[in-house]
Every structure is written in C-alpha cells, then in structure tokens.
Amino acid sequence: MGLLTDEVRSLIGTRRVYTAPEPMGAAGGRYFSLAVGDDNPLYTDATFARDHGLPGVTLPPTLICETNQYAGLPADAEGYAGHTWGLSVPDTRQVRGGNRYTFGRRVRPDDVVTATWEITDATEKTNRAGADMLIVSSTATYTNQDGDFLAENTETIIFIALGAA
Amino acid sequence: MSTPTSPPAVGQPVPPLERTITLTDMVAYAGATWDWHQLHYDPAYVAEKRLPGPVVDGQVFGALLVEMLQDWLGPDSFVQTIDFTFRNLMFAGETVRCEGQVVAVSEDAVEVAMSATILGSDGADDRFAVRPASARVLLGRADGTGRP
C-alpha cells in the first residue's frame with residue numbers, strides 16, 4: 001500500500017465546472033444515434049415524440065454522460081478533448097472501473113449543459129492478484145441554463161501498481 | 001418499437017441486443033462524442049501500446065444497454081438509473097451481446113440485472129465486456145421525474 005498519499009487525499013472535493021458554448025442541438029443527438037445504431041424515433045421524429053408526451057425530439061439518454069461537447073477544451077497530445085483530473089500516479093497503469101448514470105429527464109436540443117465535476121472519494125485496496133490499487137471516484141452533475149437537473153455520472157478510475165504480485 | 005402488452009415479471013429475460021462494432025462505427029462514435037483519443041481509431045497508436053486493435057470506448061456499452069431496455073419497454077418508459085462495471089476491452093470488428101433479466105417489479109418501475117458479452121470469431125461467448133450492470137426503468141412515462 002502507499003498509493004493513497006496525502007496529496008491524493010487532498011484532492012477529494014476538488015471541482016471543475018464547464019458550461020457548453022452552445023445548446024446540445026438535435027443534429028448532435030441524431031449523429032450519436034446513428035453512430036451507435038439506435039433507431040429510436042424519439043430522437044428523430046418530433047410527431048412521434050409529442051405523441052408520447054414529450055415536447056419534441058430528445059437526445060439519446062447517455063449522450064450527455066459521454067460527450068465532451070460542453071468542455072470546450074483543446075485536444076491533448078493523444079487527441080482527447082474532455083475533462084480529466086490530470087492525475088499521474090507513478091508506477092501504475094490506469095483502467096476504468098465503471099459508471100453509474102442517474103437521469104432526471106430527457107435532454108432536449110435547446111438545453112445548454114453545465115457540467116460540474118467533483119472528486120468524491122479516493123480509496124486503496126489490494127486486488128485478487130495481490131496488486132495495490134488506488135480507486136478514485138468522481139461525479140459529474142449536469143444541469144441546464146435554467147438550473148434543471150438533467151443527469152449525474154459517477155465514474156471510477158483505478159490505478160493498479162505495476163510489478164506487484 | 002412498441003409498448004409491451006403485459007407488464008414485466010421477475011425472472012423474465014430482456015430481449016438481447018447484439019451488435020458488431022466496426023472501426024467505421026468507432027470513428028463515428030468518436031466524432032459524435034467529441035472524443036478523438038487515438039486509442040479508439042489509430043492502428044499505429046494501438047500497435048505501439050501492444051494492443052490487438054483500436055479499443056471500443058467503454059461508455060458505448062451504456063448506450064447499448066439503454067437501447068436494449070428502451071427497445072424492449074417502448075417509448076413510454078424512462079431509464080432512471082443505470083450502472084455498469086468494465087471487465088475486458090473490446091476491439092474493432094468484434095461483436096457484443098447485451099442481455100438482462102428482470103430482478104424486481106413495482107407498480108411504476110422495473111429493475112433489471114444485465115451484462116455485455118464479447119463473442120469470439122466462432123460466435124461463442126468469449127469474455128465479458130461489462131458485468132455486473134443494472135438499471136431501474138420507470139414505466140408508463142416517456143420522461144423522468146427530475147432528480148430522484
């Protein structure tokens with residue numbers, strides 16, 4: 001053990017806030033639905049959507065948790081243009097643990113998203129192979145220009161010590 | 001897409017969703033999500049990392065699981081929560097099968113346990129992409145109720 005340093009522990013509670021420079025847009029939702037192969041008419045057919053009580057087309061639910069549209073960040077050396085904490089833990093490899101999404105309502109084309117990211121936890125464990133792991137949890141809360149709660153995304157990043165048993 | 005004629009029952013399987021994800025799909029997904037990390041499309045980059053091919057973005061499994069649930073329950077349903085744990089990487093050209101089973105039912109919601117399995121070239125199960133996964137889906141309404 002020893003991956004959970006005071007420096008890492010001090011990061012709990014750190015926040016970053018991003019507000020998108022423009023609305024999500026219907027085209028963005030249609031593009032995403034084509035990319036993942038989801039032909040749900042709620043994303044493309046306003047009459048169908050209204051027949052089911054919605055104000056018009058909505059975006060695929062998980063898009064808000066997957067897109068970097070709101071971040072407005074330049075791509076890094078590997079092409080990534082989204083939020084990161086820039087955490088670097090020496091002598092470890094980084095893997096994704098998982099995600100938990102909570103949705104308040106369907107995202108609409110005119111929603112302008114604000115994403116508030118926060119480091120919520122950092123813990124240390126040993127995996128079944130005997131390797132030390134640092135587990136960092138973050139939560140992104142997505143709201144719109146009127147303060148409506150849209151969604152929450154809790155994700156876990158795991159740093160696994162190299163060269164362990 | 002249609003609404004089921006009878007309410008879900010505990011133990012009932014969810015109609016599975018199977019999808020082959022090509023490099024073209026992955027490039028489209030990278031564009032649609034504003035995520036241009038080379039890991040997801042650049043053969044030279046992944047070769048340098050000693051990976052067998054471009055890596056499917058793990059978050060796409062969330063999209064596929066939601067698609068499976070909505071295709072099953074129809075437009076008058078709303079996925080309120082979903083969680084999923086990653087197990088193995090999936091590479092360009094591979095096929096994944098999402099599946100699930102009802103674990104709880106109430107008057108206005110259904111809870112489902114799910115997984116996503118990567119198939120081998122012979123079509124047999126090879127390894128899990130996602131497991132466990134679960135979701136709570138509101139019934140009888142196309143939209144959510146605000147912050148749960």
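1. Start with how chain A is laid out: along the sequence, its elements run α-β-α-α-α-β-β-β-β. That gives 4 helices and 5 strands for chain A. Keep in mind while reading that this is a predicted model.

2. On overall dimensions, the C-alpha trace of chain A spans about 60 × 30 × 30 Å along its principal axes. Of the 165 residues in chain A, 38% are buried. If you look at contacts in chain A between residues at least 6 apart in sequence, 69% of them join residues at least 24 apart.

3. Next, have a look at where the two chains meet. Chain A puts 38 residues into the contact, and chain B puts in 37 residues. On the side of chain B that touches chain A, at least two residues each come from α1 (23–32), α3 (60–73) and β2 (77–86) of chain B. Which element gives the largest share of that side? It's β2(B), with 8 residues. By type, the residues on this side of chain B split into 17 nonpolar, 12 polar and 8 charged.

4. β2(B) deserves a second look, as it also pairs with a strand of the other chain. Its partner is strand β2 of chain A, residues 92–103, and the two run antiparallel over 5 bridges. To find your way along this pairing, pick out A:R100, which sits opposite B:D83 in β2(B).

5. Now for α3(B), another contributor to the side of chain B that touches chain A. This helix has 14 residues, and from its first C-alpha to its last it reaches 20 Å, close to the 20 Å expected at 1.5 Å a residue. Is it enclosed or exposed? Buried residues account for 13 of its 14, so α3(B) is largely enclosed by the rest of the structure. Right after the helix comes B:G74, with a positive phi near 85°.

6. Last, a single residue to click on: A:D121, in strand β3 of chain A (residues 114–126). Buried or exposed? A:D121 counts as exposed because it has 12 C-beta neighbours inside 10 Å, and the cut-off for exposed is 12 or fewer. Leaving aside residues up to four places away in sequence, A:D121 touches A:I12 and A:S137. You can also check A:D121 against A:I135: these two are 14 residues apart in sequence, and their C-alpha atoms are 8.0 Å apart in space.

How values were computed:
Residues numbered from 1 in each chain as written. Chains lettered and ligands numbered in written order. Predicted model: local features only at pLDDT ≥ 70, side-chain atom pairs only at ≥ 80, totals over all residues. Contact = placed C-beta atoms within 7 Å. Nonpolar A, V, L, I, M, F, W, Y, C, P; charged D, E, K, R; others polar. Pairing = 2+ DSSP bridges. Buried ≥ 20, exposed ≤ 12 C-beta atoms within 10 Å, placed from the backbone. Expected span 1.5 Å × (residues − 1).
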